[in-house]
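Me: I'd like to walk through this fold with you, one question at a time. Could you start with the term we will lean on most?

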Amino acid sequence: MPDKYPAAEWVPWKRDDAEGRPTFWPGSCTPVAVVLHIMAGSAGTARQWASRGHYGASWHFTVGRDGHVMQHLELDDAGYQAGIPASNPDPAWPLWRGHGQNVNWYTLGIEHEGFPGEPFTAAQAEASRALCRWLSETLAIPFDRRHFPAHAEIDVLNRPNDFNTPALREAHYHYLFEEEEMTPEDKAKLDAVYEALVGRGNEPAGGELLARWNANGNSLLLGYLREQEKVAAMSSRLAHAER
Ligand SMILES: [Zn+2]
């Protein structure tokens, strides 16, 4: 398993703080999910905290508003990002393993630069999705909401706007997983068009297009198909009217 995201700048979290306290647990995480956060701060602060070895909060990735991604921990390092006090209620998040196991031992954390109430920029949303897709492939975990929960779904008491206010959070989830919402019928149609456009992915050019498409989702093409259907329906209604 590669431990570095190729598109990220490696800005490692310093292992100990000024008082010699450990800022993360190296090699202690076996990730089965990735928790999404909003920093309520700037990417510059993340860079400072990592370089100085800030104690009490540490995470794996920071996604800037300009789309720049930093990686601070390796994929088997456990940060301090999603833990909750034992006095908190058990979250309804389906992958929760109970208070007996530290949630940082089985989740990674992605912080997004910015404040709750601010929509992600387009560059940031795109970088966030590309990173989540890479993590899904690299960790062999499904690309869906239960494997990419919001911090608010774990720390239900203290983090209602993490990541982001509920409406903006839903908008980002829709953006992340819209492809998952396609019907099998839509998927079959897309596959047919896809194959016609790029072949079966055996040609180098086709393979490259395929990879690029997979990296970016295919909602544009779905929109195009919908448009074609509308045009077809309209023509058929016109044809009827003329009869
Ligand atoms: Zn958080």
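Reply: Gladly. A residue counts as buried if 20 or more other C-beta atoms lie within 10 Å of its own, as exposed if 12 or fewer do, and as partly exposed in between. Please keep in mind that this is a predicted model.

Me: With that in hand, how much of the protein is buried, as a percentage of its residues?
Reply: The protein has 6 helices and 5 strands. From the N terminus on, these elements follow the order β-β-α-β-β-β-α-α-α-α-α. Of the 243 residues, the buried share is 27%.

Me: What is the order of the strands in the open sheet?
Reply: The sheet has 5 strands with mixed pairing. Strand 1 (9-10) and strand 2 (33-38) each pair on one side only, so they are the edge strands. Reading across the open sheet, the order is 1-4-3-5-2.

Me: Which residue of strand 5 is the bridge partner of Ile38?
Reply: Strand 2 and strand 5 (residues 107-112) pair in the parallel sense, over 6 bridges. Ala33 of strand 2 stands opposite Thr107 in strand 5. For Ile38, the bridge partner in strand 5 is His112.

Me: How many of the 6 residues of strand 2 are buried?
Reply: In a regular strand the side chains alternate between the two faces of the sheet. Here Ala33, Val35 and His37 point one way, while Val34, Leu36 and Ile38 point the other way, and all are buried. Strand 2 is therefore largely enclosed by the rest of the structure, and its buried count is 6 of 6.

Me: Which element gives the most residues to the largest nonpolar core?
Reply: The largest nonpolar core has 35 residues, and those with the most contacts inside it are Val34, Leu36, Phe61 and Leu131. At least two residues of this core come from each of strand 2, helix 1 (43-52), strand 3, strand 4, strand 5 and helix 2. The element that gives the most, with 5 residues, is strand 2.

Me: Which residue of helix 2 is in contact with Phe61?
Reply: Leaving aside neighbours within four places in sequence, the contacts of Phe61 are Ala8, Val69, Met70, Gln71, Ile110 and Leu131. The buried residues of helix 2 are Gln124, Ala127, Ser128, Arg129, Leu131, Cys132 and Leu135. The name found in both lists is Leu131.

Me: At about what angle does helix 2 run to strand 3?
Reply: Helix 2 (residues 122-139) lies across strand 2, strand 3 (61-63), strand 4 (69-71) and strand 5. Those strands, together with helix 3 (166-177), are among what covers the buried residues of helix 2. To strand 3, helix 2 runs at about 150°.

Me: How far apart are the end C-alpha atoms of helix 2?
Reply: At 1.5 Å a residue, the 18 residues of helix 2 should span 26 Å. The model agrees with that expectation, as the end C-alpha atoms are apart by 25 Å.

Me: Within what arc do the buried residues of helix 1 fall?
Reply: The buried residues of helix 1 are Ala43, Ala46, Trp49 and Ala50. Seen down the axis they line one face of the helix, because they fall within an arc of 115°.

Me: And which exposed residues does helix 1 carry on the face turned away from its buried side?
Reply: The buried residues of helix 1 pack against strand 3, strand 4 and strand 5. The face turned away from them carries the exposed residues Gly44 and Gln48.

Me: Ala40 and Asn164 both have a positive phi without being glycines; which of the two counts as buried?
Reply: Ala40, with phi of about 55°, is in the loop between strand 2 and helix 1. Asn164, with phi of about 65°, lies in the loop between helix 2 and helix 3. Ala40 is partly exposed because 16 other C-beta atoms lie within 10 Å. With 24 C-beta neighbours inside 10 Å, the one that counts as buried is Asn164.

Me: Last one: what is omega near for the peptide bond from Asp162 to Phe163?
Reply: Most peptide bonds are trans. The bond from Asp162 to Phe163 is cis, and Phe163 has its place in the loop between helix 2 and helix 3. For this bond, omega is near -5°.

Methods: Residues are numbered from 1 along each chain as its sequence is written. This is a predicted model: local features need pLDDT of at least 70, side-chain atom pairs count only at pLDDT 80 or more; totals for chains, interfaces and linings use all residues. Two strands pair if DSSP finds at least two bridges between them. Helices (H or I, at least four residues) and strands (E, at least two) are DSSP runs, numbered from the N terminus. Two residues are in contact if their C-beta atoms, placed from the backbone, lie within 7 Å. Axes are lines fitted to C-alpha atoms, for helices over the stretch in contact, and angles run from 0 to 180 degrees between N-to-C directions. The expected span of a helix is 1.5 Å times one less than its number of residues. A nonpolar core is a set of buried Ala, Val, Leu, Ile, Met, Phe, Trp, Tyr and Cys residues joined through C-beta atoms within 7 Å. The arc is that of the directions from the helix axis to the C-beta atoms.
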